[in-house]
Amino acid sequence: MEIGSFTFLSPEDFSFNNNYNSDFSWFLDMETGFNGNTKKRGRKDFEESLVSEKSGFGDILSSILMLDEEAKQEQEQYQWVTNSDQDRAFFQANYKGNVQEINGYFENQFSEMNQLDNSSNKRARKSGSPAAAATVLAGSDNVVPSQSGCGSGQQRRLWVKDRSKDWWTKCNHPDFPDEEFKRAFRMSKATFNMVCEELEPAVMKKNTMLRDAIPVRQRVAVCIWRLATGEPLRMVSKRFGLGISTCHKLVLEVCAAIKTVLMPKFVQWPDESKMKSIKQAFESATGIPNVGGSMYTTHVPIIAPKVSVAAYFNKKHTERNQKNSYSITLQGVVDQTGAFTDLCIGWPGSMSDDQILEKSAFHQRATRGHLKDVCVVGNKGYPLMDWVLVPYSHQNLTWAQHAFNEKIGEIEKVAKEAFARLKGRWSCLQKRTEVKLQELPIVLGACCVLHNICEMRNEVMDPELKFELFDDEVIPDNHIRSMASAQARDHTAHNLLHHGLGGRGTSSTAFL
């Protein structure tokens, strides 16, 4: 807003023309107060009028000066706002320039790194070595950039630790010797391929934008090698070029898949036709009829649990090892070939064989009458019942009782040797494992399923892996649960004595 100045005139500034008299009279009227009184006033009145006129002019001047000051302030404020806008525009232009320079710097850096990765990958493809594809950058000894593709063709950079996969790549090669493969994984390549095909729908994962999924064969190999060798997870990580936590996760995932997919196929109670062949095989070998399986219970050592420590305390192992030992139990029934037909896993190690049997689902099926004309043979740690046949445990045995114990011992040996092969093949069962107690039954079940697969496919175990079992049975106080069973056992022992101690190929009266 702009305001002009006002100029005051005096009588001398007027030009004397024809209108002089009128103009001058106007000035004179102004001086006399416009009252029409031309009479001269007194000196005092004149001074008062002059003072009043001066004060009026002063008020006008002060008002005009104030308006002038306000105008100047508004002009300065407008100029300051204009200057601030100019500074802000300058700052924004400066900021945008700096951001563009920084982005350009990082783009140049990443382009150089991409060129370095591409060149290293080309050299790795030419050399044919998977380890050559890993490029170690300066200042990061164990971290390398890895590029992984996805189904859409997009690629993203992911930083992973450099781990060698040479050993597994060599084992997975078609030209790798079958003997060495069997020594590492306890089974032939054909059996391993069959297991991978069965488990593929359950364990296969899809590729992501960050990395490619671990192949099914490598997943299964991690689990089987861990079960076979019992090596700690850090050794599994070094062998297969994977992280420790990844290896632990793979072992549990594959064991769960084995339990879900393969256990219903390879661990089954025999049907009538198969049970008939099992009975015939045991009777032809020992002369004892109606034997449908051999039963045994073993203990698997564990780390002392945080809760219920006394329940898992193993007195027998503590006395033998001269240190506190803790375990969980594995009860199994095997056929004439040593394959498992029934399993009971996970009861605490302080329980005796007869207590574990009473807790098992097998005992419930038997008491409901599902084992018709079938009995299983156990050691002295089991009670004598209608469907459980055990040897004589008292002293001063007769010839018939001694002969009976020998034949029972042959059937017991089938189960004992089967458990020895189980622990020999899968060394993780021989020592305390890193697996949590609540997850251990799944691992033990997977070992039993893989044992059955090897037995059914006639996989011969390396003699160097032979494991010697220690008898852990405890003779229960109430050893004889049925007098009828005791009489039937005596009758069978008498028949064995009359038909000869050999018993092979001989017939005998029905036991049940």
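The legends below accompany a set of close-up views of this predicted model.

**View 1. The whole chain at a glance, with 15 helices and seven strands.** Before zooming in, it helps to get your bearings. Of the 512 residues in the protein chain, buried ones make up 38%. Among contacts with a separation of 6 or more, 68% join residues 24 or more positions apart. The mean pLDDT is 77, and 65% of the residues reach 70 or more. The stretch at residues 1-41 has pLDDT below 50, and beyond near neighbours in sequence it has 17 contacts in the model. Residues 500-512 also have pLDDT below 50, with 36 contacts in the model beyond near neighbours in sequence. Please keep those two stretches in mind when you look at the ends of the chain.

**View 2. An open sheet of five strands, in the order β5-β4-β3-β6-β7.** The pairing in this sheet is mixed. Which strands stand at the edges? They are β5 (340-348) and β7 (388-389); each has a single partner strand, so one side of each is left without a neighbour in the sheet. Strands of a sheet pair through backbone hydrogen bonds, either parallel or antiparallel. Helix α13 (residues 399-425) lies across β3 (291-302), β4, β5, β6 (375-377) and β7, and runs at about 45° to β3.

**View 3. The hairpin of β4 and β5.** Here we move in on one edge of the sheet. Strand β4 covers residues 326-334, and six bridges join it to β5, the two running antiparallel. Follow the pairs across: Leu 330 stands opposite Ile 345, and Gly 332 has Leu 343 as its bridge partner. Five residues lie between the two strands, and in the turn Gly 338 has a positive phi of about 95°.

**View 4. Val 388 in edge strand β7.** At the other edge of the sheet, is Val 388 buried or exposed? Its relative accessibility is 1%, and since the cut-off for buried is under 20%, Val 388 counts as buried. Leaving aside neighbours within four places in sequence, Val 388 is in contact with Met 295, Leu 357, Val 376, Tyr 382 and Pro 383. One of these, Val 376, is twelve residues away along the chain, and its C-alpha atom is separated from that of Val 388 by 5.1 Å.

**View 5. Helix α4 and its buried face.** Helix α4 spans residues 178-185, and its buried residues are Phe 181, Ala 184 and Phe 185. Looking down the helix axis, you will find these within an arc of 80°, so they line one face of α4. An α-helix has 3.6 residues a turn, so residues three or four places apart point the same way. On the other side of α4, Glu 179 and Arg 183 are exposed. What do the buried residues of α4 pack against? Their partners are α3 (166-171), α5 (189-203), α6 and α7 (233-240). Just after the helix comes Arg 186, with a positive phi near 65°.

**View 6. Trp 426 in the largest nonpolar core.** This core has 95 residues, and those touching the most other members are Phe 185, Phe 240 and Trp 426. Beyond its neighbours within four places in sequence, Trp 426 is in contact with residues including Phe 185, Arg 186 and Met 187. Its contacts also include Ile 224, Leu 227 and Ala 228, as well as Cys 447, Leu 450, His 451 and Cys 454.

**View 7. Val 220 in helix α6.** The helix spans residues 216-229. With a relative accessibility of 1%, Val 220 counts as buried. Not counting residues up to four places away in sequence, Val 220 touches Phe 192, Val 195, Cys 196, Leu 199 and Val 254. Ile 258 is 38 residues from Val 220 in sequence, and their C-alpha atoms are 9.9 Å apart in space.

**View 8. Two loop residues with positive phi, Gln 322 and Asp 373.** Most residues other than glycine have a negative phi. Gln 322, with phi near 60°, is found in the loop between α10 (315-321) and β4. At 70% relative accessibility, Gln 322 counts as exposed. Asp 373, with phi near 60°, sits in the loop between α12 (361-367) and β6. Asp 373 has 42% relative accessibility and counts as partly exposed.

Key. Residues are numbered from 1 along each chain as its sequence is written. This is a predicted model: local features need pLDDT of at least 70, side-chain atom pairs count only at pLDDT 80 or more; totals for chains, interfaces and linings use all residues. Side-chain values use heavy atoms; hydrogens and water are left out. Two strands pair if DSSP finds at least two bridges between them. Helices (H or I, at least four residues) and strands (E, at least two) are DSSP runs, numbered from the N terminus. Contact means heavy atoms within 4.5 Å. Axes are lines fitted to C-alpha atoms, for helices over the stretch in contact, and angles run from 0 to 180 degrees between N-to-C directions. pLDDT is the predictor's confidence in each residue, from 0 to 100. Buried means under 20% relative accessible area, exposed over 50%, partly exposed in between (1.4 Å probe, protein chains only). The arc is that of the directions from the helix axis to the C-beta atoms. A nonpolar core is a set of buried Ala, Val, Leu, Ile, Met, Phe, Trp, Tyr and Cys residues joined through side-chain atoms within 4.5 Å.
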